[in-house]
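Biologist: I am new to this structure and would be grateful for a close look at a single part of it. Please describe one helix in detail, together with what surrounds it.

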Amino acid sequence: LSESGVPQLVQPMIWDYAADLDVEGKVHLIEKYRRCGFSKVWFASAFKGATGVNQSLTLIGHHLKNHLQWLKVASNSPTDVLEGIALTGWQRYDHFSVLCELLPVAIPSLAVCLQALENGGYSEKTKENVEKLLGMSNLETETFMR
């Protein structure tokens, strides 16, 4: 790869939507990319649409845990390697599948994930900020929103 010149032309994106993604494995993968000559990498997470082909409601806790894991990967990687993170929101698993989680039901998940990334973690204060921003009285992350 380093001899091909590709590392000077592109930046790899590492995708993982798991709530328990392997932090050590991702850090090791980033090190491999660096040895090949890639100076920057991107992460890809999801705030909706990555937990089931016919999912109709968003389980915020799953996506929040994924973003907290990505923060651990970032903190265990060289400070100059991360170019950014793409928060994906899948609408369907393929063009023949039914729609999953429409955007309106996933907005609380998007807000929680963005706030967690912006604040470097998630706390009661972060939860209160999201509730205030969205005009909600009780944000539920471990059960489906009612």
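Modeller: The following account begins with the whole chain and then turns to helix H4. This is a predicted model, in which local features need pLDDT of at least 70, side-chain atom pairs count only at pLDDT 80 or more, and totals for chains, interfaces and linings use all residues. Residues are numbered from 1 along each chain as its sequence is written, and side-chain values use heavy atoms, with hydrogens and water left out.

The chain has 4 helices and 3 strands, where helices (H or I, at least four residues) and strands (E, at least two) are DSSP runs numbered from the N terminus. Their order from the N terminus is β-α-β-α-β-α-α. Of the 146 residues in the chain, 36% are buried; buried means under 20% relative accessible area, exposed over 50%, and partly exposed in between, with a 1.4 Å probe and protein chains only.

Helix H4 spans residues 124–134, and its buried residues are Thr126, Lys127, Val130 and Glu131. Seen down the axis of H4, these buried residues fall within an arc of 140°, so they line one face of the helix; the arc is that of the directions from the helix axis to the C-beta atoms. On the other side of H4, Lys125, Lys132 and Leu133 are exposed.

Lys127 belongs to helix H4 and is buried, with a relative accessible area of 16%. Leaving aside residues up to four places away in sequence, Lys127 touches Tyr122, Asn138 and Leu139, a contact being heavy atoms within 4.5 Å.

The cover over the buried residues of H4 includes helix H3 (103–119). The axes of H3 and H4 come within 10 Å and cross at roughly 135°; axes are lines fitted to C-alpha atoms, for helices over the stretch in contact, and angles run from 0 to 180 degrees between N-to-C directions. H3 and H4 are therefore oblique to each other, since angles under 35 degrees count as roughly parallel, over 145 as roughly antiparallel, 65 to 115 as roughly perpendicular and the rest as oblique. H3 contributes Ile107, Pro108, Ala111, Val112, Gln115, Ala116 and Asn119 to the contact, while H4 contributes Thr126, Asn129, Val130, Leu133 and Leu134. By class, this contact of H3 with H4 has 8 nonpolar, 4 polar and no charged residues; Ala, Val, Leu, Ile, Met, Phe, Trp, Tyr, Cys and Pro count as nonpolar, Asp, Glu, Lys and Arg as charged, and the others, Gly among them, as polar.

After H4 comes Gly135, whose phi is positive, near 70°.
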